[in-house]
Amino acid sequence: MAPILLNNLGNEHSDYIQQVEYVNNPHLNSMEEDILYHFNLGTKTHDLPQMFGDVKFVCVGGSPNRMRSFAQFTHEQLELPGNMADIRDICEGTDRYSMYKVGPVLSISHGMGVPSISIMLHELIKLLYHARCRDVIIFRIGTSGGVGLSAGTVVITDKAVDSFFRPQFEQVILGKVIIRSTELDEDVAQELLQYSSELPDTPTVIGNTMCTHDFYEGQGRLDGALCSFSTEEKLEYLRKASEAGVRNIEMESTVFAAMCRVCNLKAAVVCVTLLNRFEGDQISTPHDVLLEYQLRPQCLVAHFIKKRLGLIS
Ligand SMILES: O=P(O)(O)O[C@H]1O[C@H](CO)[C@@H](O)[C@H]1O
Ligand SMILES: O=c1cc[nH]c(=O)[nH]1
């Protein structure tokens with residue numbers, strides 16, 4: 001007997017529920033409409049399959065300006081027709097996130113920290129589901145503090161780990177702690193590493209990325225408004241992190257990895273280091289140099305996309 005497929009979201013091709021399993025929520029099937037509130041999009045107000053059905057790559061990063069320039073850069077790299085100036089922020093009706101679509105690539109900002117990226121990912125993953133996207137790969141292209149690495153090094157995340165160096169993400173649901181694995185797609189990570197050797201000025205390593213809930217005390221910085229530990233205690237913590245394979249520190253990777261994994265999305269995290277945390281806490285590198293560093297993960301991911309699309313050999 002053919003499987004019974006429920007679909008009350010007004011989509012004529014009901015078979016997509018069977019084929020795409022990006023969402024993991026039985027309640028969605030009984031909703032008449034799904035409003036993606038923070039994107040200012042919805043299943044009744046927008047034709048999501050028409051707008052997003054061809055998306056194959058999603059790139060996310062903290063800052064709206066970075067994600068706009070990544071969209072611009074991708075537009076050039078893929079030699080797409082039209083003028084980037086005409087490409088509008090799809091989320092312009094809200095100032096929570098920015099979203100740009102260039103060909104099969106979606107570029108979205110996620111703000112800072114776990115709660116901000118987590119809200120964005122819920123709505124993004126539902127968007128991909130409603131749009132019936134298939135075979136999507138998602139990348140976080142970000143910045144980080146290096147652990148024993150000099151500034152400008154690109155770190156491809158092997159495992160995203162928490163502040164205790166555990167490869168897991170804890171989500172509190174209905175007053176209970178639910179633990180989710182933070183493993184990322186190994187093949188995508190290895191492919192990225194291989195392509196990095198084809199790019200100039202892109203020193204790249206694979207290693208663990210520690211995700212914290214704060215930039216200052218949470219990352220062992222001595223320069224916040226609060227600090228209750230000594231320089232020696234800070235360095236001891238960084239040494240322990242290094243021994244656990246941590247090569248960089250940022251603030252979104254564990255929830256990104258965990259949610260993508262549960263929702264069957266192939267995911268990678270590619271962050272450049274802005275400083276070596278063994279040498280200091282303040283980010284004192286000149287602005288133009290920081291901008292060049294931020295381009296490195298973007299170039300690597302754009303190179304990956306071009307390879308996957310067969311635009312370069
Ligand atoms: O540069 P992005 O990707 O925004 O991310 C990093 O920078 C922010 C802190 O400055 C945190 O969100 C951290 O994860
Ligand atoms: O040290 C750093 C630099 C960028 N982002 C972080 O989260 N930490």
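A residue is counted as near a molecule here if one of its heavy atoms lies within 4 Å of it. The model on screen is predicted, and the tour starts with the two ligands.

**Stop 1: ligand 1**

Select ligand 1 and show what is around it: Gly-62, Arg-66, Met-112, Gly-113, Arg-140, Gly-142, Thr-143, Phe-215, Glu-250, Met-251 and Glu-252. Sorted by class, this shell holds three nonpolar, four polar and four charged residues.

Next, label the polar atoms. The side chain of Arg-66 places an N or O atom 2.7 Å from an oxygen atom of ligand 1. At Glu-252, a polar side-chain atom is 2.4 Å from an oxygen atom of ligand 1. Gly-62 takes part through its backbone, where a polar atom is 3.4 Å from an oxygen atom of the ligand. On its own, ligand 1 would expose 350 Å², and the protein buries 87% of that area.

Which element gives the most to the shell around ligand 1? Colour by secondary structure and look at E6, which supplies three residues.

**Stop 2: ligand 2**

Move the selection to ligand 2. Its surroundings consist of Thr-143, Ser-144, Gly-145, Phe-215, Gln-219, Arg-221, Ile-249, Glu-250, Met-251, Leu-275 and Ile-283. By class, there are five nonpolar, four polar and two charged residues.

Three residues to pick for distances are Gln-219, Arg-221 and Gly-145. A polar atom in the side chain of Gln-219 sits 2.8 Å from a nitrogen atom of ligand 2. For Arg-221, the distance from a side-chain N or O atom to an oxygen atom of the ligand is 2.7 Å. Gly-145 has a backbone N or O atom 3.5 Å from an oxygen atom of ligand 2. Ligand 2 taken alone exposes 240 Å², of which the protein buries 93%.

Two elements each give two or more residues to this shell: strand E6 (137–146) and strand E11 (246–250). E6 gives the most, with three residues.

**Stop 3: Lys-101 and its partners**

Now select Lys-101, which is in strand E4. Where is its salt-bridge partner, Asp-54, in the chain? Asp-54 lies in the loop between helix H2 (48–52) and strand E3 (57–61), 47 residues away from Lys-101, so the pair links distant parts of the chain. In this salt bridge the closest N and O atoms are 2.9 Å apart.

Keep Lys-101 selected and add Gly-103. The backbone oxygen of Gly-103 is 2.6 Å from a polar atom of the Lys-101 side chain. For a wider view, display every salt bridge: a search of the whole structure finds 15.

**Stop 4: the annotated span**

Select residues 56–276. UniProt lists this range in an unreviewed entry as "domain: Nucleoside phosphorylase". Helix makes up 29% of the span and strand 31%, and its end C-alpha atoms are 34 Å apart.

**Stop 5: a surface patch**

Finish with a surface view and select Val-172, Val-177 and Ile-179. These residues form a nonpolar patch on the surface, with about 290 Å² of accessible area together. To place the patch on the fold, show strand E9 (residues 176–181), which contains Ile-179.

Technical notes: Residues are numbered from 1 along each chain as its sequence is written. Chains are lettered from A and ligands numbered from 1 in the order in which they are written. This is a predicted model: local features need pLDDT of at least 70, side-chain atom pairs count only at pLDDT 80 or more; totals for chains, interfaces and linings use all residues. Side-chain values use heavy atoms; hydrogens and water are left out. Patches are made of residues with over 30% relative accessible area and no salt bridge: like charges are joined within 9 Å, nonpolar side chains (Val, Leu, Ile, Met, Phe, Trp, Tyr) within 5 Å. Accessible areas come from the Shrake-Rupley method with a 1.4 Å probe; for residues, only the protein chains shown count as cover. A salt bridge is a side-chain nitrogen of Lys or Arg within 4 Å of a carboxyl oxygen of Asp or Glu. Helices (H or I, at least four residues) and strands (E, at least two) are DSSP runs, numbered from the N terminus. A polar contact is a pair of N or O atoms within 3.5 Å; within protein, one must be able to donate a hydrogen and the other to accept it, and residues adjacent in sequence count only if both atoms are side-chain atoms. Ala, Val, Leu, Ile, Met, Phe, Trp, Tyr, Cys and Pro count as nonpolar, Asp, Glu, Lys and Arg as charged, and the others, Gly among them, as polar. UniProt positions are given in the numbering used here, feature names are shortened, and annotations may be inferred rather than shown by experiment.
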